[in-house]
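Open the model in your viewer and keep the sequence panel visible. This tour goes stop by stop, with a selection to make at each one.

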Amino acid sequence: MNQDNDRYLARSWGLLTRDKGWAKPVLALCAASLVPVVGSFGVNGYCLEWARLTAWGVDSSPKQKDVRVGECIGSGFRAFLVSAAYGIVLWVALALLAAIPLLEVPVGMLRTALGVVVGVFVLAATLRATIYQKASAGFGVSRLWEMVSRDVGGFFRVVGMRLVFDLVSGLLVGSLWGGALVSEAMGGNMATLLQLVSTMGEPSPSDAQLMASYLLGFVSRHMSLIVASILVATVLEVVKRLLVTTACGLWFRQFDVAVWGLASDPLPPERPVQPMLPAPQYAYQQPAAAHPYQRSEERRVGKEGRS
């Protein structure tokens with residue numbers, strides 16, 4: 001198998017952790033992601049700029065100093081425009097399908113099933129826009145589809161990576177909130193919670209007051225757990241973005257990014273796979289010197305044959 005489309009998780013992790021102090025940019029990105037709007041643009045742009053270098057064939061770890069924050073925010077904003085356009089088109093298409101009575105349930109299942117797949121496709125679109133440094137390059141659907149059709153297996157390896165991270169993140173954060181529910185049950189507050197859940201459809205003013213009082217009490221009782229769950233979710237999200245985005249960059253490598261022309265140009269032709277050479281035959285090798293015991297046995301057998 002071509003090394004350009006294999007072991008994306010291991011290779012992405014190796015690039016992330018290859019330099020000493022690799023945790024510093026991860027923590028910095030976690031702090032930046034807590035900043036509304038601009039922080040998200042910066043984090044996403046930083047990941048895409050690193051993946052752009054990876055797609056060009058540069059084996060480097062995330063930059064730890066002299067980071068051009070403005071360029072990262074610009075790349076993140078460009079990616080937001082591309083993602084928003086694809087999201088609107090997908091939302092309209094699914095809404096039109098859901099308007100058909102018989103397709104309402106299947107469309108809901110389709111939205112869930114295709115969420116990760118479409119997400120990675122849009123990620124590839126944003127990376128292409130980052131490579132060309134213009135948003136319009138992200139809308140080259142025919143070029144993106146050609147890339148996927150050339151290497152379906154590699155594309156779904158990236159999809160699998162993102163799905164695994166989503167599942168792990170959901171399990172870890174869910175276990176923290178599950179602990180909070182267990183604590184509520186042991187503290188005798190579960191009955192109140194169930195009563196509030198049962199009245200969420202049409203809450204009365206007294207129910208709304210009870211809900212507000214319960215939420216304030218819940219926050220005060222589980223403040224440390226809430227903070228821990230936010231921190232865990234933030235770290236996992238940042239690590240997921242870094243690894244999945246650079247895995248997409250590794251997937252791009254096989255398409256010879258260095259020789260791409262204009263955004264509208266077709267992809268370069270596929271690189272031929274080099275066949276494995278057959279193992280050398282003994283006839284083409286220098287015969288090894290025989291062991292002294294072997295040579296004496298051959299002389300003895302030869303004498304016996306002549307006699």
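Helices here are DSSP runs (H or I) of at least four residues, numbered from the N terminus. By that numbering, W91 is found in helix 4, residues 69–98. Keep in mind that this is a predicted model.

**Stop 1: the whole chain**

Show everything as a cartoon. How many helices and strands does the protein have? Eleven helices and zero strands. Colour along the sequence, and the pattern reads α-α-α-α-α-α-α-α-α-α-α.

Switch on the surface. The protein exposes about 18800 Å². Carbon and sulfur atoms supply 67% of that area. Of the 307 residues, 33% count as buried.

Next, draw a contact map. Take the contacts with a separation of 6 or more: residues 24 or more positions apart account for 78% of them.

**Stop 2: helix 4 and a nonpolar patch**

Select residues 69–98, which make up helix 4. Then pick W91 within that helix. Is W91 buried or exposed? The relative accessible area of W91 is 61%, and the cut-off for exposed is over 50%, so W91 is exposed.

Add I88, V92 and L96 to the selection. Together with W91, these residues make a nonpolar surface patch of about 460 Å².

**Stop 3: helix 2 against helix 10**

Select residues 23–33 for helix 2 and residues 223–253 for helix 10. The two axes come within 9 Å. They cross at roughly 115 degrees. The crossing is right-handed.

Which residues make the contact? On helix 2, show V26, L29, C30 and S33. On helix 10, show T234, V235, V238, V239 and L242.

**Stop 4: T245**

Stay on helix 10 and select T245. Its relative accessibility is 4%, so T245 counts as buried. What does T245 touch, beyond residues up to four places away in sequence? The answer is C47, L48, A51, L123 and K240.

Now measure a distance in the viewer, from the C-alpha of T245 to the C-alpha of R162. The separation is 9.5 Å, although the two residues are 83 apart along the chain.

**Stop 5: K240 and a charged network**

Move to K240, also in helix 10. At 11% relative accessibility, K240 falls under the 20% cut-off, so K240 counts as buried. Leaving aside neighbours within four places in sequence, K240 is in contact with R162, F165, D166 and T245.

Side chains of opposite charge can pair when their charged atoms come close. Select R162, D166, E237, K240 and R241 together. They are linked in a network of salt bridges.

Zoom in on one pair of this network. R241 forms a salt bridge with E237, and the closest N and O atoms are 3.3 Å apart. Both residues sit in helix 10. They are four residues apart, so about one helical turn separates them. R241 is partly exposed at 24% relative accessibility. E237 is also partly exposed, with a relative accessible area of 32%.

**Stop 6: salt bridges in helix 3 and helix 6**

How many salt bridges are counted in the model? The count comes to eight. Two of them come next.

Select residues 38–55, helix 3. Within helix 3, show R52 and E49, which are three residues apart, about one turn of the helix. Their side chains meet in a salt bridge at 2.8 Å, N to O. Check the surface on each side of this pair. R52 is partly exposed, with a relative accessible area of 23%. E49 has 12% relative accessibility, so E49 counts as buried.

Then select residues 141–150, helix 6. Show E146 and R150, both in that helix and four residues apart, about one turn. The side chains meet in a salt bridge at 3.1 Å, N to O. E146 is partly exposed, with a relative accessible area of 23%. R150 is partly exposed too, at 24%.

**Last view**

Return to helix 10 and show T245 and K240 once more. T245 touches K240, and K240 belongs to the salt-bridge network with R162, D166, E237 and R241. Helix 10 also crosses helix 2.

Methods: Residues numbered from 1 in each chain as written. Predicted model: local features only at pLDDT ≥ 70, side-chain atom pairs only at ≥ 80, totals over all residues. Heavy atoms only, no water. Patch = residues over 30% accessible without salt bridge, like charges linked within 9 Å, V, L, I, M, F, W, Y side chains within 5 Å. Areas by Shrake-Rupley, 256 points an atom, 1.4 Å probe, with all protein chains shown as cover. Salt bridge = Lys/Arg side-chain N within 4 Å of Asp/Glu carboxyl O. Helix = DSSP H or I, 4+ residues; strand = E, 2+ residues; numbered from the N terminus. Buried < 20%, exposed > 50% of the residue type's maximum accessible area, 1.4 Å probe, protein only. Contact = heavy atoms within 4.5 Å. Axes fitted to C-alpha atoms, helices over the stretch in contact; angles between N-to-C directions. Left-handed = near helix turned anticlockwise from the far one by under 90°.
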